[in-house]
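This report describes a protein chain and the ligand modelled with it. The sequence and the structure are shown first, and the description follows.

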Amino acid sequence: MSNLPTRREPILEVDHLNVRYGNFTAVRSISFEVFGGEIFGLLGPNGAGKTSSLSAIEGLLKPSAGAISVCGFDIASKPLHARANMGVQLQATSFQQELTITEIIRLYSRIYDVNLTDAEIHERLAAINLTDSINKKIAQLSGGQQQRVSLLISTIHDPQLMLLDEPTTGLDPQSRRYLWDRIEQFRDKGHAVLITTHSMEEAEAICDRIAIIDHGSIIAIDSPAALIENNLTNPAVLEVVRKGKVTLEDVFIGLTGTAIRS
Ligand SMILES: Nc1ncnc2c1ncn2[C@@H]1O[C@H](COP(=O)(O)OP(=O)(O)OP(=O)(O)O)[C@@H](O)[C@H]1O
């Protein structure tokens, strides 16, 4: 947990959320809260329902049942207020490919009504070590550089909640550490972070609490340390331990099973 006092009112509230695609239920009545000063991880095997949940929270997909609120604003009845309080990390391909990164940042700062001067934009790019790339287009950046730009843009309006869908996949250890630091800084300012990841190392390193989701249902919510502690004698977990010591990955596989998902 951060050293700053945690505000105990939730920034994000997800209440009995259901997502259906036709007859198929991808998310089954999940409920959780994410508080200010907290990094909350949503972990689950492929197809478990993580992206569907995130899409509903972002307001991109209409839930079949349940309620979602951000800073007290219901995403269904007050979508603009709810979305003004969230920052969503976009994929590099979502950005305007013909613009330079300076132009993209200027565009998003106007969309979010932040009005950064050119000097302030360059300052922010210098802060993420991209001074040399200010006139490059997004496709001309490496994966790690693209992720840094994307994180900068998602937090340009200083949102209360940040939503990150597998933000460090494919990054080298240096870039991953850098992003972890930025995410922790955001948390330490009292903001809330919801992150999905397949990396148990990442979940253990930065998440204060995690929910494990499987077949659309949440099957466990706790801190990484408590999840390990509570499963030290779970036979399903002990069966998959590889190095004599129970890890978060052992707990994850013990709880969700060894079968590869389609
Ligand atoms: N647009 C869609 N139409 C129909 N089914 C969908 C659609 N999007 C997702 N699904 C199904 O919903 C289930 C949950 O998918 P989702 O993408 O939310 O899982 P996920 O946990 O994010 O998986 P991954 O880790 O592979 O990204 C899967 O069975 C998937 O096939």
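Against which elements do the buried residues of α10 pack?

## Helix α10 and its surroundings

The buried residues of α10 pack against two strands, β3 (38-43) and β9 (209-214), and against three helices, α7 (200-206), α8 (224-230) and α9 (235-238). Helix α10 itself covers residues 248-256, and its buried residues are Leu248, Asp250, Val251, Phe252 and Thr256. Residues three or four places apart in an α-helix point the same way, because the helix has 3.6 residues a turn. Directly after α10 comes Gly257, with a positive phi near 90°.

The loop between α9 and α10 contains Val240. Val240 is partly exposed, because 17 other C-beta atoms lie within 10 Å, and a residue needs 20 or more to count as buried. When residues up to four places away in sequence are not counted, Val240 touches Asp250, Ile253, Gly254 and Thr258. One of these, Asp250, is also among the buried residues of α10. The C-alpha atom of Val240 is separated by 46 Å from that of His81, and the two residues are 159 residues apart along the chain.

## Model and overall fold

The model is predicted. The mean pLDDT of the protein is 92, and 97% of its residues reach 70 or more. The model scores are 0.98 for ipTM and 0.92 for pTM. Where pLDDT is low, the predicted coordinates should not be read in detail.

The secondary structure comprises 10 helices and 10 strands. Taken along the principal axes, the box filled by the C-alpha atoms is roughly 60 × 45 × 40 Å. The radius of gyration of the protein is 19 Å, which agrees with the value near 18 Å for a compact globule of 262 residues. Of the 262 residues, 36% count as buried. Among contacts between residues at least 6 apart in sequence, 66% join residues at least 24 apart.

The UniProt record, an unreviewed entry, lists residues 12-240 under "domain: ABC transporter". This span is 36% helix and 27% strand, and its end C-alpha atoms lie 34 Å apart.

## The shell around the ligand

Which residues surround the ligand? They are Tyr21, Phe24, Ala26, Gly44, Asn46, Gly47, Ala48, Gly49, Lys50, Thr51 and Ser52. Two elements give two or more residues to this shell, namely β2 (24-35) and α1 (50-58). The largest share, three residues, comes from α1. By class, the shell has six polar, four nonpolar and one charged residues.

Helix α1 has as its buried residues Lys50, Ser52, Ser53, Leu54, Ala56 and Ile57. Among them, Lys50 and Ser52 also belong to the set of residues that surround the ligand. Gly59 follows α1 and has a positive phi, near 85°.

## Gln147 in helix α5

Gln147 is found in α5, which spans residues 143-154. Is Gln147 buried or exposed? Gln147 counts as buried, because it has 26 C-beta neighbours inside 10 Å. Apart from its neighbours within four places in sequence, Gln147 is in contact with Pro167, Leu171, Ser175 and Leu179.

Gln147 can also be placed relative to the ligand shell. Thr51, one of the residues that surround the ligand, is 96 residues from Gln147 along the chain, and their C-alpha atoms are separated by 18 Å.

## Positive phi outside glycine

Most residues other than glycine have a negative phi. Cys71, which is not a glycine, has a positive phi of about 50°. Cys71 lies in the loop between β4 (65-70) and β5 (73-74). Cys71 is buried, because 20 other C-beta atoms lie within 10 Å.

Asn129, also not a glycine, has a positive phi of about 65°. Its position is in the loop between α4 (118-127) and α5. Asn129 is exposed, because 12 other C-beta atoms lie within 10 Å. Asn129 and Arg148 are 19 residues apart in sequence, and their C-alpha atoms are 9.0 Å apart in space.

Note on methods. Residues numbered from 1 in each chain as written. Predicted model: local features only at pLDDT ≥ 70, side-chain atom pairs only at ≥ 80, totals over all residues. Near = placed C-beta within 6 Å. Helix = DSSP H or I, 4+ residues; strand = E, 2+ residues; numbered from the N terminus. Nonpolar A, V, L, I, M, F, W, Y, C, P; charged D, E, K, R; others polar. UniProt positions renumbered as here; feature names shortened; annotations may be inferred. pLDDT = per-residue confidence, 0-100. Contact = placed C-beta atoms within 7 Å. Rg over C-alpha atoms; globule rule 2.2 N^0.38 Å.
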